[in-house]
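Colleague: I'm new to reading models like this one. Please pick a single part, look at it closely, and then show me what lies around it.

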Amino acid sequence: IKKATGELEGVTYEEIRYEGYAPGGVAVMVDCLTDNRNRTVAEVRHAFSKHGGNLGTDGSVAYLFTKMGVLNFAPGAPEEAILEIALEAGADDVVAEEDGSIEVHSSPEAFSEVVAAMQAGGHEPANSEITMRASTEVELDVETGRKLLRLLDVLEDLDDTQEVYSNADIPDEAYED
């Protein structure tokens, strides 16, 4: 417990990003926080190779992703009011989805201001986060989607993993067992 909370001397944690390709040519980024770089890279490499992917070099897939703030509003939220507040608070874009939900995009720097402005205006987002969003998506078939989901589950279950990002467009049927 002391090691995990940083109370032990001589233990330093570092943030590391691993990049690679999964089945179907899907780009995957894994953000880790570790005190043992060698153990972590071995675990991540093993997960990729066991599930049909391969670990890449630094920068091999990162260029496909953009760090951004995302706020999601449930279907039926007032689009005009959200648009006005979001743009006034510094948001980059407001997207109305086919199902009636609304997504607000911002830079990571403006994210807190946009969330605060939305809440002050009486519009609580259903979800809000700073994430890595892919600039292009790879459309997968059901079988490849299932393989990718298994890989992503294994990567997310590693002790040092903080976040896992991919540029996959997984069909809904792949989530069904």
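Modeller: Let's start with strand β1, which gives the most to the lining of the second largest pocket, with four residues. Strands here are DSSP runs of E with at least two residues, helices are runs of H or I with at least four, and both are numbered from the N terminus. Keep in mind that this is a predicted model: local features need pLDDT of at least 70, side-chain atom pairs count only at pLDDT 80 or more, and totals for chains, interfaces and linings use all residues. Residues are numbered from 1 along each chain as its sequence is written, and side-chain values use heavy atoms, with hydrogens and water left out.

Back to our pocket. A pocket is an open set of points, on a 1 Å grid over the protein atoms alone, where a 1.4 Å probe fits and protein lies on both sides within 12 Å along at least five of seven lines; lining residues have an atom within 4 Å of a point. The second largest one has a volume of about 150 Å³ (the space filled by probe spheres set on the points, which are joined across faces, edges and corners). Its lining includes Ile16, Arg17, Tyr18 and Glu19, along with Arg37, Val41 and Arg45. Leu55, Gly56, Thr57 and Asp58 line this pocket too. Both β1 (14-22) and α2 (37-50) supply at least two residues each. By class, the lining has four nonpolar, two polar and five charged residues; Ala, Val, Leu, Ile, Met, Phe, Trp, Tyr, Cys and Pro count as nonpolar, Asp, Glu, Lys and Arg as charged, and the others, Gly among them, as polar.

Now follow β1 into its sheet. Four strands form an open, antiparallel sheet in the order β3-β1-β2-β9. Because β3 (54-55) and β9 stand at the edges with a single partner strand each, one side of each has no neighbour in the sheet. Strands count as paired if DSSP finds at least two bridges between them, and β1 and β3 are joined by two. Find Gly20 on your screen: its bridge partner in β3 is Leu55, a residue that also lines our pocket.

Helices lie across this sheet. One is α2, which lies across β1, β2 (26-34) and β3 and runs at about 15° to β1. Another is α5 (residues 142-157), which lies across β1, β2 and β9 at about 160° to β9. These angles, from 0 to 180 degrees, are taken between N-to-C directions of lines fitted to C-alpha atoms, for helices over the stretch in contact, where contact means heavy atoms within 4.5 Å.

Strand β9 takes us on to the largest pocket, since β4 (65-73), β7 (127-134) and β9 (161-166) are the elements that give two or more residues to its lining. This pocket has a volume of about 430 Å³. Of its 18 lining residues, Thr131, Met132, Arg133, Tyr165 and Ser166 lie nearest the centre. The biggest share comes from β7, with seven residues. Eight nonpolar, five polar and five charged residues make up the lining.

Finally, look at β4. It pairs with β7 in the antiparallel sense over eight bridges, and with β6 (residues 102-106), again antiparallel, over five. Val70 is a handy landmark: it stands opposite Glu129 in β7, and in β6 its bridge partner is His105.
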